[in-house]
Amino acid sequence: TKREIKMRKLDSTKVRPLKSEQLLHIEDHDFALRPGFGGSPIPVGIDVQVESIDSISEVDMDFTMTLYLRHYWKDERLSFRSNKNKSMTFDGRLIKKIWVPDVFFVHSKRSFIHDTTVENIMLRVYPDGNVLFSLRITVSAMCFMDFSRFPLDTQNCSLELESYAYNEDDLMLYWKHGNKSLSTDEHISLSQFFIEEFSASSGLAFYSSTGWYNRLFINFALRRHIFFFVLQSYFPAMLMVMLSWVSFWIDRRAVPARVSLGITTVLTMSTIMTGVSASMPQVSYIKAVDVYLWISFLFVFLSVIEYAAVNYLTTIEERKQLKKRGKASGMYSMDAVQAMAFDGCFHDTDVDMDLSPFPDPCEENETGTSQTNISDADTPRLRRKRSLKGNVGRIILQNNHVIDTYSRIIFPSVYIVFNFFYWGLYM
């Protein structure tokens, strides 16, 4: 209607003025000085909307966050006449011509304003001189992390905002809407962390050369998801410890089987520990995962030491038995299993060994075997194989050492107690 067209013309904010009739008389003022220079400090309200937490780095001890940072203040030098009290919106080109707060991020490592397709800057000026200044920023800042409970830890990080040049005598930073000044996107999520809470707080920072400054804090707590580390570290360590217990059920005279099993589990535990340490910062204190892995490594190592003790005591015991069963000729008779444990050579039947000069029994056995007929040698071997098939369990029990018997009970019991104590302490 004609009336609406007339009212639209009366509102000067809807009509592009001539150069001599600009609404913002920027050239008439010195914007190098803050508003109200020489008087009370200018209040600058802040509110933040967190768009995303992009990454958390334990190695670098930092986090990366993308957010919308909005400033609110009043500059009467930017006031203009408007019949409908409408605001004017500008992009980043006007920022270089007027005064804006010099807020920076304390302890930041890297930060930038997004510039696709143009700089993500918005300036909105109201007729009474109130100003809204909004930026879209990605910032990487330090987070002082404590890994003493890793990976069962909760990290508390904060992003701190402060004026760089203006102390509390010139500029007063405050949260525009109190605790409601900090808002977050509902879909924020991280792969290794659960975000427990976001909160806003404020305080003062003192510098000996320039004085006191207002500082705002964006606080958030991160609780680590443990399931990944259970699959990658804890569960493999448990399996390696249990696998080392298998050697307690193997015949004590099967030296290659028990030694190779012990060395394999020790090397696997070393690999697990190296993999965990490679993804962590080189801190000077012990982490919770280090306690678990080192105790598990100790159990695996002790299983190897246990067999060393069993083998040594077995050798001493059999030597004593050989001396008791000695004959006048100086020859000692022993069964095939004992002979194999003593000299490492395979024997089909009972053998006589001369222990005084310690000859090479393997060479003698090979010489005797070569002189016999092949058919005669196969007969006792086949009989021995048939007898072993039905008596494997009895032979293992007869050849069991008392240390193995106790180890089968002590090792699992102590490890179960350790797990209950560990998870009860750190969870």
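This report describes strand pairing, salt bridges, a surface patch and unusual backbone geometry in one predicted model.

Residues are numbered from 1 along each chain as its sequence is written, and side-chain values use heavy atoms, with hydrogens and water left out. Because the model is predicted, local features need pLDDT of at least 70 and side-chain atom pairs count only at pLDDT 80 or more, whereas totals for chains, interfaces and linings use all residues.

## Strand β2 and its partners

Helices (H or I, at least four residues) and strands (E, at least two) are DSSP runs, numbered from the N terminus. Two strands are said to pair if DSSP finds at least two bridges between them. Strand β2 spans residues 62–74, and 10 of its 13 residues are buried. Here buried means under 20% relative accessible area, exposed means over 50%, and partly exposed lies in between (1.4 Å probe, protein chains only).

Strand β2 runs antiparallel to β1 (residues 42–57), to which it is joined by 11 bridges. Within this pairing, I56 has F63 as its bridge partner in β2. β2 also pairs with strand β7 (residues 130–142), again in the antiparallel sense, over 13 bridges. In that second pairing, T66 stands opposite T138 of β7. In a regular strand the side chains alternate between the two faces of the sheet.

One residue of β1 deserves separate description. D47 lies in strand β1 and is buried at 6% relative accessibility. Its side chain makes a polar contact of 2.7 Å with that of Y72. A polar contact is a pair of N or O atoms within 3.5 Å; within protein, one must be able to donate a hydrogen and the other to accept it, and residues adjacent in sequence count only if both atoms are side-chain atoms. Apart from neighbours within four places in sequence, D47 is in contact (heavy atoms within 4.5 Å) with Y68, L69, R70, Y72, W175, K176, H177 and S181.

## Salt bridges

The structure holds 16 salt bridges, each defined as a side-chain nitrogen of Lys or Arg within 4 Å of a carboxyl oxygen of Asp or Glu. Three of them are tabulated below.

| Pair | N to O distance |
|---|---|
| R136 and E51 | 3.1 Å |
| R110 and D62 | 3.8 Å |
| R258 and D404 | 2.9 Å |

In the salt bridge between R136 and E51, the partners come from distant parts of the chain, with R136 in β7 and E51 in β1, 85 residues apart. R136 is partly exposed at 21% relative accessible area, and E51 is partly exposed at 25%.

R110 forms a salt bridge with D62. R110 belongs to strand β5 (residues 108–113) and D62 to strand β2, so the pair ties together parts that are 48 residues apart in sequence. R110 is partly exposed at 49% relative accessibility, whereas D62 is buried at 6%.

The salt bridge of R258 with D404 joins two helices: R258 lies in α3 (residues 255–278) and D404 in α8, so parts that are 146 residues apart in sequence are tied together. R258 is buried at 3% relative accessibility, and D404 is buried at 1%. In addition, E58, D153 and R224 are joined into one network by salt bridges that share partners.

## A nonpolar patch

V402, Y406, I409, I410 and V414 make a nonpolar surface patch of about 500 Å². Patches are made of residues with over 30% relative accessible area and no salt bridge; like charges are joined within 9 Å, and nonpolar side chains (Val, Leu, Ile, Met, Phe, Trp, Tyr) within 5 Å. Accessible areas come from the Shrake-Rupley method with a 1.4 Å probe, and for residues only the protein chains shown count as cover. I410 is located in helix α8 (residues 402–426) and is partly exposed at 47% relative accessibility.

## Backbone geometry

Most residues other than glycine have a negative phi, and most peptide bonds are trans. M61, in the loop between β1 and β2, has a positive phi near 55°. That hairpin has four residues between the strands, and M61 is partly exposed at 24% relative accessibility. H107, in the loop between β4 (103–106) and β5, has a positive phi near 65°. H107 is partly exposed, with a relative accessible area of 35%.

Cis peptide bonds also occur in loops. The bond from T116 to T117 is cis, with omega near 0°, and T117 lies in the loop between β5 and β6 (121–125). F150 and P151 are likewise joined by a cis peptide bond, with omega about 0°; P151 is found in the loop between β7 and β8 (154–163).
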